[in-house]
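Work through the two exercises below with the structure open. Each task is followed by a solution in steps.

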Protein chains: 2
Amino acid sequence: MAQKPSRAPSMRDVAQLAGVSAQTVSRVLSDHPNVQPDTRQAVREAARSLGYRRNATARALVTGRSNMIGVITLSTSSYSRMTLIVGIEREAAARGYSVTFVSITDLSARSLEEGLSRLVAQGVDGIITAIPLQGSSAEVESLLNEVPSVAIDSPLPAGQQVAAFDQVHAARLAVEHLIERGHTNIWHVAGPQDWVESDARITGWRDALESAGLQVPPEIYGDWSAASGYRAGLILGRMPDVTAVFVASDEMAFGLIKAVTELGRAVPEDISVVGIDDIELAPYCTPPLTTVRQPLEEIGRHAVQQLDSELGEHAQGGSRNQTRLITPELIVRSSTSTR
Amino acid sequence: MAQKPSRAPSMRDVAQLAGVSAQTVSRVLSDHPNVQPDTRQAVREAARSLGYRRNATARALVTGRSNMIGVITLSTSSYSRMTLIVGIEREAAARGYSVTFVSITDLSARSLEEGLSRLVAQGVDGIITAIPLQGSSAEVESLLNEVPSVAIDSPLPAGQQVAAFDQVHAARLAVEHLIERGHTNIWHVAGPQDWVESDARITGWRDALESAGLQVPPEIYGDWSAASGYRAGLILGRMPDVTAVFVASDEMAFGLIKAVTELGRAVPEDISVVGIDDIELAPYCTPPLTTVRQPLEEIGRHAVQQLDSELGEHAQGGSRNQTRLITPELIVRSSTSTR
DNA sequence: CCATAGGTTGTTATCGATAACAAGCGATCC
DNA sequence: GGATCGCTTGTTATCGATAACAACCTATGG
């Protein structure tokens, strides 16, 4: 049944069938204004009857625009990454872009280079870097110079646009909430060392404590995983004077709560816990997790919007460096109690 | 500082600098065997000094291969989707493909068509459909005929390859575990109605019960979300003779456990619960969740492998319809007890 | 009634690479 | 020593579209 079509129909075929030139077909398909209605009609019909589909590759070659945007991200399979990517994809689709996706395993400059160059080689019009790395390399900078880009999370060097979430503020919200409830000994389980998010959240936590005149204990580093939160919990649960912990991600908070509970300390009666993210399962934690929501899908959309407008200006050459910060929101559930 | 390069260097530029023809440059860059070592060397140097990068668009146009594979998936930001996509991306990268990603919001034939045609228009070499829909439309079939494709989850009609996980077996494993522990009244919270996964898991559950000579209660439908699991829990928790529930996803299991616990029924003492997926948080559920692991990253990799080999054969025209089933594994934690 | 303007359509060149063919050249073989 | 072989390199055509220019035709105005 499936007859093998020797070749997909080209513009020439459509033109021939409609009795016009290829150029006219092109005009019709691009909605140029100056085409006679009947011609337009005829071309449309011919195209439909042949099942014609415009060849994006050829267009890209001649126009210099591929209408693809590249996304590079860490390959952690976390909720947050996925939500971000879905946000990006939606907005991109709405604006007529398709999304090419590259994930890297580690944060080394090597693999960052490798990933970026895959995207550039693929001919994307712009790149969204959803990578939380701090430093970078000359090679990376030069790659990012070849193509307009927007950074999520990380303030990468080149005069780039940034679509971000106010991490410091988020952390401050969480900690202030604990302070309001009367806690004075508030610990922090942070993300891994070289992540900007980790730093920002540490900063927010520290700021909040200091402005309240409270003592700042040492932070404990995790790696975003629930398992690392569990390990932190095994430590903190053994310290009797710890009554509150601000955890840098919901997933780590799950682990921490499990650990301290196993050690016989009740949450929130003995220890209050606040997370960050508001993952889908946060309300179903035992107890339901108080957390700061990150509107990730929105962040993804913003990133695409900025990239799109940057691509628009690109022709003209305007290049201001605006940053759009998104405001976090505290979600109070039951993992925090008044002291 | 950032000088605007009027145009990226082309093969011609490299050729000129190296004092050879464009074709020779092409040969060097494609690692053709018959090139004199010094020529090769000279070309390589010229390319490096110009910062030359091969234009994938032009290559794609002339070779007819874009080295892009398309992935279409539902835009649920679940853990599993992300894991799958990461698996796909890794394997694709390893085989020299880049991945273009389209997510759709609903399972209507309309949006499926829309998404697929975006991919086809973009010129992908092959498509991985990670969409759990049962039915489809003529238009969809015709789109899938234009391009080789592999289905994950769903047995889409066209003589497609399928990379799948043995859902029926997985469900059976879960239920048999409960039966072994002495349970006789085992309920099921299923996924949404028109998903193949839901059906397969229902089938497995039913099979296991029937072969044990047990009664089959009516299934309760959820939508994979923790919230829907919670609702199911509010129902099942009120039925005193229910001692075991097999839940079609870990996320729903989290919700269910929360609900029945709130109703005063202890897990696993009063009610045993088994999920499916083994999400990262499963061990940190209260109590730690017994579940059946889905090796999603592996499934993603398999899908790419099959697609790649299909793309290879495509030239020759072989087209058998092999299916690779991946075996599930039961992970016993503490949410199930002996009756 | 001719000149000009503007709408409509066609022609040609081009984007950046590769495939297919052609040519040059030294070595091997009889 | 001449013919053939095989390695190396260059030439030309092509992929499928669009940009830029050219040509034609129909109104409109003087």
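A polar contact is a pair of N or O atoms within 3.5 Å. The model used here is predicted.

**Exercise 1.** Describe the surface near DNA strand D and find polar contacts to its phosphate and base atoms.

Solution.
1. List the neighbours: 26 residues surround DNA strand D, and the closest are A:Met11, A:Ser26, A:Tyr52, B:Thr24 and B:Thr39. Of the atoms of DNA strand D that come within 4 Å of the protein, 61% belong to sugar and phosphate.
2. Sort the residues by type: nine are nonpolar, 12 polar and five charged.
3. Assign them to helices: H2 (22–29) and H4 (56–63) of chain A and H2 (22–29) and H4 (56–63) of chain B each supply at least two residues. H4(A) gives the most, with five residues.
4. Check the phosphate: the side chain of B:Thr24 has an N or O atom 2.7 Å from a phosphate oxygen, and a backbone N or O atom of B:Gln36 lies 3.0 Å from a phosphate oxygen.
5. Check the bases: an N or O atom in the side chain of B:Arg27 is 2.8 Å from a base nitrogen.

**Exercise 2.** Place strand S9 (residues 272–277) of chain A among its neighbours, and decide whether its faces are buried or exposed.

Solution.
1. On S8 (residues 244–247), the pairing with S9(A) is parallel, over three bridges; A:Phe246 has A:Val274 as its bridge partner.
2. S10 (residues 290–293) also runs parallel to S9(A), joined by four bridges, and A:Thr291 in S10(A) stands opposite A:Gly275.
3. Trace the connection: S8(A), helix H11 (residues 250–262) and S9(A) make a right-handed β-α-β unit.
4. Compare the faces: A:Ser272, A:Val274 and A:Ile276 are buried on one side, and A:Val273, A:Gly275 and A:Asp277 are buried on the other.

Technical notes
Residues are numbered from 1 along each chain as its sequence is written. Chains are lettered from A and ligands numbered from 1 in the order in which they are written. This is a predicted model: local features need pLDDT of at least 70, side-chain atom pairs count only at pLDDT 80 or more; totals for chains, interfaces and linings use all residues. Side-chain values use heavy atoms; hydrogens and water are left out. Buried means under 20% relative accessible area, exposed over 50%, partly exposed in between (1.4 Å probe, protein chains only). Two strands pair if DSSP finds at least two bridges between them. A crossover is right-handed if, with the strands pointing away from the viewer, the path from the first strand over the helix to the second runs clockwise. A residue is near a molecule or strand if one of its heavy atoms lies within 4 Å of it. A polar contact is a pair of N or O atoms within 3.5 Å; within protein, one must be able to donate a hydrogen and the other to accept it, and residues adjacent in sequence count only if both atoms are side-chain atoms. Ala, Val, Leu, Ile, Met, Phe, Trp, Tyr, Cys and Pro count as nonpolar, Asp, Glu, Lys and Arg as charged, and the others, Gly among them, as polar.
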